[in-house]
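Hello,

Please take a look at the structure below. My notes on it follow.

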Amino acid sequence: MTENRISTPALRTPITPVTRVTFVIIPRFNMATLISLIEPLRVANYLAPEPLYQWEILSPDGPDIPASNGLSITAQPLSDRPRRGELICTLASWGAEDYANRDLSAWLRRQSRDGARLCAVELGCYLLAKAGLLTATPIATHWSWAPGFQERYPDIPIVEQLYTLDDPILSCAGGLGGADFMLRQIAREHGEALAGEVADQMLHQPIRPPEAPQRRTLGQGTDEFSPTLRKAIALIEANIAEPLPVPEIARQLGLSQRQLERQFHKGLGCSIVQFGTLVRLQHARVLLIATKLSVREIATATGFNALSHFAAAFRKCFDRRPSDYRQGWAPTEATPSWPGTLTAYLENLRHRAGHDLSTKDRM
């Protein structure tokens with residue numbers, strides 16, 4: 001009787017050199033990000049008449065590395081195999097700001113000296129920053145954690161886009177942006193046609209360019225926002241530490257204050273002041289988790305003149321004291337917490353406004 005056995009087929013001898021990619025992960029990494037980076041390589045091998053890519057997953061914390069979704073992946077230990085010309089992607093997520101491993105830092109420095117190409121993925125920027133490998137070249141990281149990284153490393157420029165391709169350090173903001181980043185690598189190495197076919201197989205079209213924005217919604221679809229409202233939002237986000245007065249925002253946009261308020265109520269369902277306060281509180285939430293700044297220092301950094309005002313606004317928005325939120329994912333918690341969504345906050349504002357209006361009508 002013939003045995004039913006699954007055998008591993010021998011790799012075909014490549015006609016062109018195989019591109020090797022190394023993924024370095026630490027505990028609580030984002031599984032979706034890792035998969036989004038690997039899948040384009042797998043599909044490229046599936047479509048090509050010869051193997052184009054090989055990859056390996058390493059970690060100094062192995063062999064079983066837990067991801068943020070509760071699943072684990074098996075990783076090999078760091079090895080000293082020369083990786084000249086190869087791509088090394090550092091993946092990190094929750095807790096990366098406090099992660100420290102001297103062996104990993106030394107390994108990354110050694111690989112960089114030996115000619116490897118490095119890519120910071122999501123919060124992998126912390127791993128490269130602690131190894132002293134980030135320079136003045138702008139990098140992309142996830143928008144929700146960028147303020148914390150910028151506070152710790154103010155000399156490293158951050159850009160809010162999907163990924164960057166400028167040497168010496170490449171970067172990717174993470175999530176499904178990993179697929180766009182890796183599809184762009186395939187396009188550079190094997191042509192746009194193959195990258196397009198891989199994207200078709202993945203149902204991931206179009207392939208987004210590096211400069212594509214990370215965010216398209218602020219509790220609404222920003223495609224519905226007027227250009228003026230988008231500019232106003234950008235002004236508010238660019239002046240968190242010293243908030244611009246509403247008349248100054250209106251002046252810079254060439255509108256009357258009343259016209260600008262109408263745009264905010266129509267597009268977001270709240271006033272300029274309410275939206276500006278929420279942006280500052282969102283920023284404060286990240287600083288609480290990702291930095292060692294005191295609550296008072298964070299209040300100042302987010303434009304609140306008094307600690308009591310900051311604490312009251314934070315409690316009203318998130319139903320927690322700022323001091324309760326020094327960890328987004330405490331060691332005692334099974335999963336991370338992120339209290340409330342922007343959509344829910346805006347809906348609550350609309351509900352309160354409607355309630356106040358109906359109360360006035362009854363009076």
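Start with helix H1, residues 31-47 (helices, H or I, at least four residues, and strands, E, at least two, are DSSP runs, numbered from the N terminus). At 1.5 Å a residue, its 17 residues should span 24 Å, and the end C-alpha atoms are indeed 24 Å apart. The expected span is 1.5 Å times one less than the number of residues.

This is a predicted model: local features need pLDDT of at least 70, side-chain atom pairs need 80 or more, and totals for chains, interfaces and linings use all residues. Numbering runs from 1 along each chain as its sequence is written, and side-chain values use heavy atoms, without hydrogens or water.

H1 bends by about 25° at Ile 38. The bend is the angle between axes fitted to the seven residues ending there and the seven starting there. Pro 40 follows within four residues. Both Ile 38 and Pro 40 are buried, meaning under 20% relative accessible area (exposed is over 50%, partly exposed in between; 1.4 Å probe, protein chains only).

Next, the sheet. Six strands make an open, mixed sheet, ordered E2-E1-E5-E6-E8-E7. Strands pair if DSSP finds at least two bridges between them. E2 (53-58) and E7 (163-164) are the edge strands, each pairing on one side only. E7 and E8 (residues 169-172) run antiparallel, joined by two bridges. Thr 164 has Ser 171 in E8 as its bridge partner.

Last, Leu 244. This residue sits in the loop between H7 (227-238) and H8 (246-253). Leu 244 is partly exposed, because its relative accessible area is 24%.

Best wishes
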